Amino acid sequence: MLSSPRRILVFLPNWLGDVVMCTPALRALKRRYPDAVVTAAGKASCCAVLDGFSWVDALISIPERPGVLQSMALRKALRALAPELAVVFPHSFRAAWLAWLSGARRRVGLDRGGRRFLLTEAVPRHREGGRPAPRYTALEYLEVAEAAGATRDGAGLELAADPGEVDAVRAGLEPGRPVVCIAPGAAFGPSKRWLPERFAAVADALHRSHGAQCVLLTGPGEEDTRAAVLAAAETPLIASSGGIGRLKASIAACDLLIGNDSGPRHIAIAFGKPVVCIMGSTSPAYTESPWERGEVVRIDVDCGPCQKPVCVTDHRCMTGIGVERVVSAAARFLRP
């Protein structure tokens, strides 16, 4: 029988939304091994999402694509942690290779990408009819955690927001009026993004009908999207671009989030906020959450879901979604 590990190294997914969907698995690991030191390693932005998350003891930032010298330094840093168990949540070969470099005796991860030989326990992929099939990503991560000995608790996604950041957000809002966060970006690619002028039109409509004050959430690399929304909106928008901590605080302080299928959606789920998600190129099976309140707005098209970051046709999965439909969905979650 395997002894309980004293030091656990977890490799985080590479997308913000995936990190949030990983939180039930991280909680399950810490609850199973409460005396172990759990260190989570990932990109700086992914570590920032977990700032204040009580089920991880330490966070270490690692480069996304390390060169030779960086890899040597990273190997030394990971081995210094002396992990006895490494849990690999990303699907990449590189993540499993880093787990192997860490020196951990047990290395648990999903069986894909030709990396089985780097893992001591390879978790089979979800299949339907003998073929790999999409499923809610949080459940996949929970299966990996269970292979490492954890047990799921049935609770949902979980994050923490800094109280000072939340107070700073609320200080810029007018009491008594609904707060709607607008998240028009998507790091995956433009195929996931609804048109900026339509987000602006939704903000205008909700301001007129509900007196909503809308907070525009954008991050690095989304400057053009932010400018396009601001230019198209008739009502003043509160632009929030103060990093991951401010992003979490803004969502924690809102009444509703409207956005694409991207990281802010999953942050909102973690904070128990309703979401109107405008979905285009990706399969809803990856993100259909039993813990989500709100509505997914999408249309079936003959070319989708294509899972491509850039549309190769006319982007009709998104352009076919009208402003009125999104406004109607949002109105169901706002006070009259």
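**Burial, a cavity and a loop residue**

Trainee: What percentage of the 336 residues of the chain count as buried?
Mentor: This is a predicted model, in which local features need pLDDT of at least 70 and side-chain atom pairs count only at pLDDT 80 or more, while totals for chains, interfaces and linings use all residues. Residues are numbered from 1 along each chain as its sequence is written, and side-chain values use heavy atoms, with hydrogens and water left out. With buried meaning under 20% relative accessible area (exposed is over 50%, partly exposed in between; 1.4 Å probe, protein chains only), the share of the 336 residues is 50%.

Trainee: What radius of gyration does the chain have?
Mentor: Along the principal axes, the C-alpha atoms fill a box of roughly 65 × 45 × 40 Å. A compact globule of 336 residues would come near 20 Å (over C-alpha atoms, 2.2 Å times the number of residues to the power 0.38). The chain agrees with that expectation, because its radius of gyration is 21 Å.

Trainee: Which element gives the largest share of the lining of the largest cavity?
Mentor: The structure holds one cavity of 30 Å³ or more (a set of points on a 1 Å grid over the protein atoms alone where a 1.4 Å probe fits but cannot get out, lining residues having an atom within 4 Å of a point). Of its 14 lining residues, Leu12, Asn14, Ile62, Pro90 and Arg94 lie nearest the centre, and the elements giving two or more residues are strand 2 (37-42) and helix 5 (93-101). Helices are DSSP runs of H or I with at least four residues, strands E runs of at least two, numbered from the N terminus. The largest share, three residues, comes from helix 5.

Trainee: Which residue just after helix 5 takes a positive phi?
Mentor: Within helix 5 itself, Ala95, Ala96, Leu98, Ala99 and Leu101 are buried. Just after this helix, a positive phi of about 85 degrees is taken by Gly103.

Trainee: Is Ile299 buried or partly exposed, and with what relative accessible area?
Mentor: Ile299 sits in the loop between strand 14 (294-297) and helix 12 (316-319). Leaving aside residues up to four places away in sequence, Ile299 touches Arg316, Cys317, Gly320, Ile321 and Arg325 (heavy atoms within 4.5 Å). Arg316 stands 17 residues from Ile299 along the chain, with 8.9 Å separating their C-alpha atoms. Ile299 is partly exposed, and its relative accessible area is 23%.

Conventions: On a 1 Å grid over the protein atoms alone, a cavity is a set of points where a 1.4 Å probe fits but cannot get out, and a pocket is an open set with protein on both sides within 12 Å along at least five of seven lines; lining residues have an atom within 4 Å of a point. Grid points are joined across faces, edges and corners, and a volume is the space filled by probe spheres set on the points.
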